[in-house]
Amino acid sequence: MRIRHAIAGTALSTALLVGAAGAPSYAATSGASACATASWQKGLDGKVVYPDINGVILHQKGPYADCLPGYSLTKQTKLVYDCYTSNIHQNTWTHVTAYYSNLVLEGWIWDDKLPDGGSFTKCRS
């Protein structure tokens with residue numbers, strides 16, 4: 001069973017390139033290098049969900065709030081789960097493929113911001 005930490009975040013209501021709002025405010029200990037080290041596998045889980053709220057942030061570079069860039073997604077965004085991982089702070093993040101308007105985006109979403117708590121299929125190292 002995964003442990004989830006409830007940390008308040010800021011929600012944005014438009015889909016545009018943004019900073020690290022809406023996710024835990026922990027900084028990755030090894031800086032930008034931590035953003036590029038998380039491994040994931042496309043389609044490992046395959047579950048389809050839609051965000052419960054506008055402003056869920058998708059981080060394209062890694063499973064930390066500081067990993068930029070990010071996109072603020074709307075409720076109408078189709079998300080397909082790939083798998084989840086835990087960062088060094090033991091926060092779980094799910095890697096997703098997001099279908100927003102005519103864009104196909106891939107990245108990480110903090111599990112506390114996903115409607116069902118995120119994927120339950122662990123990413124392989």
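Student: How many bridges join strand 5 to strand 6?

Tutor: Eight, and the two strands run antiparallel. Two strands pair if DSSP finds at least two bridges between them. Helices (H or I, at least four residues) and strands (E, at least two) are themselves DSSP runs, numbered from the N terminus. For one bridge to look up, take valine 80, whose partner in strand 6 is threonine 97. Before we go on, a word on the ground rules. This is a predicted model, in which local features need pLDDT of at least 70 and side-chain atom pairs count only at pLDDT 80 or more, while totals for chains, interfaces and linings use all residues. Residues are numbered from 1 along each chain as its sequence is written, and side-chain values use heavy atoms, with hydrogens and water left out.

Student: Okay. In what order do the elements of the chain run from the N terminus on?

Tutor: They go β-α-β-β-β-β-β-β, which comes to one helix and seven strands.

Student: Which strands pair in the antiparallel sense over eight bridges?

Tutor: Strand 6 and strand 7 do. Put your cursor on histidine 95 and you'll find tryptophan 108 of strand 7 opposite. Then there's strand 3 (residues 56-59), which pairs with strand 4 (70-73) in the antiparallel sense over four bridges. Over there, histidine 59 stands opposite glycine 70.

Student: How do I read the two faces of a strand, and which way do Val56 and Leu58 point?

Tutor: In a regular strand the side chains alternate between the two faces of the sheet. In strand 3, Val56 and Leu58 point one way and Ile57 and His59 the other, and all of them are buried. Buried means under 20% relative accessible area, exposed means over 50%, and partly exposed is in between (1.4 Å probe, protein chains only).

Student: How much of the chain is buried?

Tutor: Buried residues make up 44% of its 125 residues. Strand 6 is a good place to look: seven of its nine residues are buried, so the rest of the structure largely encloses it.

Student: Which residues make up the largest nonpolar core?

Tutor: The general idea is a set of buried Ala, Val, Leu, Ile, Met, Phe, Trp, Tyr and Cys residues joined through side-chain atoms within 4.5 Å. Here the largest one has eleven residues: Val49, Val56, Leu58, Leu73, Leu79, Tyr81, Val96, Ala98, Leu105, Ile109 and Leu114. Strands 3, 5, 6 and 7 each supply at least two of them. A second, separate core of five residues includes Trp93, Trp108, Trp110 and Cys123.

Student: If I click on leucine 105, what is it in contact with?

Tutor: Contact means heavy atoms within 4.5 Å. Leaving aside neighbours within four places in sequence, leucine 105 touches Leu58, Gln60, Tyr71, Leu73, Val96, Thr97 and Ala98. For the chain as a whole, among contacts between residues at least 6 apart in sequence, 66% join residues at least 24 apart.

Student: Which cysteines does a disulfide join?

Tutor: A disulfide is a covalent bond between the sulfur atoms of two cysteines; the rule used is a pair of cysteine sulfur atoms within 2.5 Å. The count comes to one: cysteine 83 to cysteine 123, S to S 2.0 Å. The link is right-handed, with 90 degrees about the S-S bond. Cysteine 83 lies in strand 5 (78-86) and cysteine 123 in the segment after strand 7 (103-110), so the pair ties together parts 40 residues apart in sequence. Both ends are tucked in by our cut-off: cysteine 83 is buried at 0% relative accessibility, and cysteine 123 is buried at 8%.

Student: What sits over the ring of tyrosine 99?

Tutor: That's the charged end of lysine 78, 5.5 Å from the ring centre. To count, NZ of Lys or CZ of Arg must be within 6 Å of the ring centre and within 35 degrees of the ring normal.

Student: Last one: which residue in the loop between strand 5 and strand 6 has a positive phi?

Tutor: Glutamine 90, near 65 degrees, in a hairpin with five residues between the strands. Glutamine 90 isn't a glycine, and it's partly exposed at 48%. The hairpin of strand 6 and strand 7 has two residues between the strands, and there serine 101 takes a positive phi near 55 degrees. Serine 101 counts as exposed, at 69% relative accessibility.
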